[in-house]
Amino acid sequence: MPIRLIFIIVLVTIYLLLDFSLFSQELKFSHLNVKGGLSNNAITSLLQDSKGFMWIGTTDGLNKYDGYNFEIYRHQIKNKYSLQSNYIYYLYEDKNQAIWVGTNGGGLYKYESKYNRFIKNTQIQDASVRYILEDTELTLWVAADNMLFQMDKATRQFKPFHQFTKDNINAFLQVDKDWFAVATGESGLYLINTKTGQYKLFNHHENNTNSLCNNTIRSIYQDKEGKIWIGTANGLDRFDKKNLSFEHFSVTKDKSKGVLINSILSILGKDNDIWVGTENGGLSRYNLLTKQFTHYLHENTKQESISDNAIYSIHIDKQNRLWAGTFSNGVNIADPNSEKFSKPNLKLKNQTVNAILKDSKGRIWVGTEEGLSVQEGENTYYYAHDPTDKNSLPSNPVLEIFEDNQNRIWIGTWTGGLSLFQEDKKKFFNFAIDATDPTQLPNANILDILQSSKSQQLLLASFGGFHLFDEDNPKKFTTYTSIPADE
């Protein structure tokens, strides 16, 4: 019977190169588009919910993606629980795991997962909902056209916050306990107190280099240093709210110092990286430590390049995968974990690996279905079961390899029991298997080996129970098994 069908224990030692970023310089993207089942290739919003599903908003339908298949939601004329607009602006999940959907001209919806349906909010009606956010006090805020709405915790109804702009609100974020930064379509950036309504407006002034680079703001993000990144129609700004100063990142000859196109569509940060999506200038990454940009563009000859240079939405999921939604060519996914592993130069006689150990001498021990391989420098030594040699490996399938605090190597096998490698003889001492003797191992299938840090006893797991090995005289095993009548 193949061991992998019963029990496989793999110990892996991984050496990772330390980097400032989760991602290497050369990003490789996989792609989702209409050919694979997506409702539309124009991506407007991305969200991974608490259950792990990816929600993908497009200009023609909302998609729920489980990693294999899409479930598509569109307007259905005779279904009052469907979305009334197929153009999705924004997706958000609150702390109660409720998913909210903002649409273009169709208002705000709450998804009811139990019934797989959408409930339209009656207070906001048919506005264009471009942004949704829950603040630190768990109050839900919604940007609908040129108005901010906040949910009343007592009634669960939305009420309008006082109007401070005539322009569409494209995005907003909480920058302090009672303060929001609000991005507008034409007027610039507002810092507004959500308790008093007091606000301060920052906009572009032609002759003032310390002003916003453009009044049309599409996206904002606050980094871990508390600075606000502002994506405008004519450049990228970083705003220091403490000293009210702007730092500009625009097109420059040195491509590592600025974006490739000044039209900024989306911004998102993670750790030391700020990701910036542009209009036909691809995806750019600014590293807070190196203070340099790296750019990712579509290349016709590279299948794993980004699929489109207009990046409308960015999302980083719980697995640290980067999702980039484009204007006309679907979703791009870069997985930082997809290429961390390389194939080592180990000479194995069997490719089914059950156990790995790097010992204190730097040797690599590999337990396979057909014996043990030990790589020491440029040499590889093989150990297998020999029925004519009582000091050979007791059984070929090796399930576990363990080095104790005396630097001895212990081997757990399938049907051969426990074995101790005798370093001086390059042989094995194999322990007896006797189910009738309470001082011996009762089972020949050793699945795991550890050592107690307190008693120094060897701890063994087998199909015969849990075992303690005591090396003091007399040498014996103590076995613990399940006794149904003894709780």
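**Exercise 1. Take the open sheet of 4 strands that includes E30: find its strand order and the sense of its pairing.**

Step 1. Reading across the sheet gives E29-E30-E31-E32, and the pairing is antiparallel. Strands here are DSSP runs of E with at least two residues, numbered from the N terminus, while helices are runs of H or I with at least four. Two strands count as paired if DSSP finds at least two bridges between them.

Step 2. Now look at the edges. Strand E29 (353-358) and E32 sit there with a single partner strand each, so one side of each has no neighbour in the sheet.

Step 3. Check the twist: on average, neighbouring strands in this sheet are turned by 25° or 15°? It's 15°, direction ignored. The axes behind that angle are lines fitted to C-alpha atoms (for helices, over the stretch in contact), and angles run from 0 to 180 degrees between N-to-C directions.Before going on, a word on the source: this is a predicted model, where local features need pLDDT of at least 70 and side-chain atom pairs count only at pLDDT 80 or more, while totals for chains, interfaces and linings use all residues. Residues are numbered from 1 along each chain as its sequence is written, and side-chain values use heavy atoms, with hydrogens and water left out.

**Exercise 2. Follow the chain through E29, E30 and E31, and work out how these strands are joined and paired.**

Step 1. Start with E29 and E30, which pair in the antiparallel sense over 5 bridges. One bridge to pick out on screen puts Ala355 across from Gly367 in E30.

Step 2. Look at the connection. E29 and E30 form a hairpin with 5 residues between them, and Gly362 in that turn has a positive phi of about 85°.

Step 3. Carry on to the next pair. A hairpin of 2 residues links E30 to E31. Strand E30 (residues 364-368) and strand E31 (residues 371-376) are antiparallel too, over 5 bridges. Ile364 has Gln375 as its bridge partner in E31, and Thr368 stands opposite Gly371.

Step 4. Finish with cover: 4 of the 5 residues of E30 are buried, so call this strand mostly covered. Buried means under 20% relative accessible area, exposed means over 50%, and partly exposed is in between (1.4 Å probe, protein chains only).

**Exercise 3. Find where Ser395 sits and what its side chain reaches.**

Step 1. Ser395 lies in the loop between strand E32 (379-383) and strand E33 (398-403).

Step 2. Check its cover: Ser395 has a relative accessible area of 6%, which makes it buried.

Step 3. List the neighbours. Leaving out residues up to four places away in sequence, Ser395 touches His385, Thr413, Trp414, Thr415 and Gly416. Contact here means heavy atoms within 4.5 Å.

Step 4. Now the polar atoms. The Ser395 side chain gets to the backbone oxygen of Trp414 at 2.5 Å, and it makes a polar contact with the side chain of Thr415 at 3.1 Å. A polar contact is a pair of N or O atoms within 3.5 Å; within protein, one must be able to donate a hydrogen and the other to accept it, and residues adjacent in sequence count only if both atoms are side-chain atoms.

**Exercise 4. Describe the surroundings of Phe118.**

Step 1. Phe118 belongs to strand E9 (residues 117-120).

Step 2. With a relative accessible area of 2%, Phe118 is buried.

Step 3. Setting aside neighbours within four places in sequence, its contacts include Trp55, Leu62, Tyr73, Tyr81 and Val101.

Step 4. For a sense of scale, put a ruler on Phe118 and His248: they are 130 residues apart along the chain, and their C-alpha atoms are separated by 42 Å.

**Exercise 5. Zoom out and work out whether the chain is spread out or a compact globule.**

Step 1. Count the elements: the chain has 0 helices and 40 strands.

Step 2. Compare the radius of gyration with the rule. The chain comes to 31 Å, well over the 23 Å that the globule rule gives for 487 residues, so it is more spread out than a compact globule. The radius is taken over C-alpha atoms, and the rule is 2.2 Å times the number of residues to the power 0.38.

Step 3. Add the box: along the principal axes, the C-alpha atoms fill roughly 90 × 60 × 45 Å.

Step 4. Close with burial: 48% of the 487 residues count as buried.
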